[in-house]
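Me: I'd like a close look at one part of this model, the place where two helices pack against each other. Could you walk me through that, and then fill in what surrounds it?

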Amino acid sequence: MTNTEAGKSMGELFPDLNGPESPVVSGVAHDSTEAQVTLRAVPDRPGVAAELFTVLAEGGINIDMIVQAGAETGTADISFTMPESQTKAVTEILERRENKKWNSAGIDVNPDVGKVTLVGVGMKNHSGITATYFRALSDENINVLMISTSEIRISALVPLRELDNAVRAIHTAFKLDADQVEAVVYGGTGR
């Protein structure tokens, strides 16, 4: 990416994507192969996340969604998702003696999660997309565990047992064809 491209939106880089023919929403994707890992009471100071994700990268772990929730106690909980197949490797990396400084209150691993993603180039130009997405999940009483967004997608991590219901609810809310082929989107991992 050149310096002139840095800081520009997808619509600025690819103006053809902004035309009236651009679909607001083009599809729903899902992934049932992820796991959620939460490190409890990690020191809330600059550099900890960089150290953590560097160690995971060195271990070959592909990270997808990330959420950090701070507390007034000087600690934070960091949750992330990655392929369920890498759960054992992540646990081993995080439980090594030299890495225990990040998880003084422990590590929680939840393999029973799934991700449902709404994709559409036109989403960034239309208000109410996010509200409709989350209302559809709420109407089905589906609890959202994590959220990740970009200009062209909204992803929610949900309990795995609710993933199919979540996909159907989003399809219905956005009036997408039931026959439409779904694509699996692995955000942020390059897969």
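Reply: Here is the helix pair, with the overall fold before it and another helix after it.

A word on the ground rules: this is a predicted model, where local features need pLDDT of at least 70, side-chain atom pairs count only at pLDDT 80 or more, and totals for chains, interfaces and linings use all residues. Residues are numbered from 1 along each chain as its sequence is written, and side-chain values use heavy atoms, with hydrogens and water left out.

The protein chain has five helices and eight strands, counted as DSSP runs numbered from the N terminus (helices are H or I, at least four residues; strands are E, at least two). Read from the N terminus, the order is α-β-β-α-β-β-α-β-β-α-β-β-α. Of its 191 residues, 39% are buried, where buried means under 20% relative accessible area, exposed over 50% and partly exposed in between, with a 1.4 Å probe and protein chains only.

Now the pair itself. Helix 2 (residues 48-58) and helix 3 (residues 87-95) have axes that come within 10 Å and cross at roughly 130 degrees. The axes are lines fitted to C-alpha atoms over the stretch in contact, and angles run from 0 to 180 degrees between N-to-C directions. That angle makes helix 2 oblique to helix 3; the classes are roughly parallel under 35 degrees, roughly antiparallel over 145, roughly perpendicular from 65 to 115, and oblique for the rest. At the contact (heavy atoms within 4.5 Å), helix 2 brings L52, V55 and L56, and helix 3 answers with V90, I93 and L94. By class, the residues there are six nonpolar, no polar and no charged; Ala, Val, Leu, Ile, Met, Phe, Trp, Tyr, Cys and Pro count as nonpolar, Asp, Glu, Lys and Arg as charged, and the others, Gly among them, as polar.

Helix 5 (residues 163-173) is worth a stop too. Its buried residues are L163, A166, V167, A169, I170 and H171. Their cover includes strand 1 (27-31), strand 6 (113-119), helix 4 (129-139) and strand 8 (153-159).

Last, a couple of backbone oddities. Most residues other than glycine have a negative phi. K175, in the segment after helix 5, has a positive phi near 50 degrees, and at 73% relative accessibility K175 counts as exposed. A41 sits in strand 2 (residues 34-43) and has a positive phi of about 55 degrees without being a glycine, but A41 counts as buried at 18% relative accessibility.
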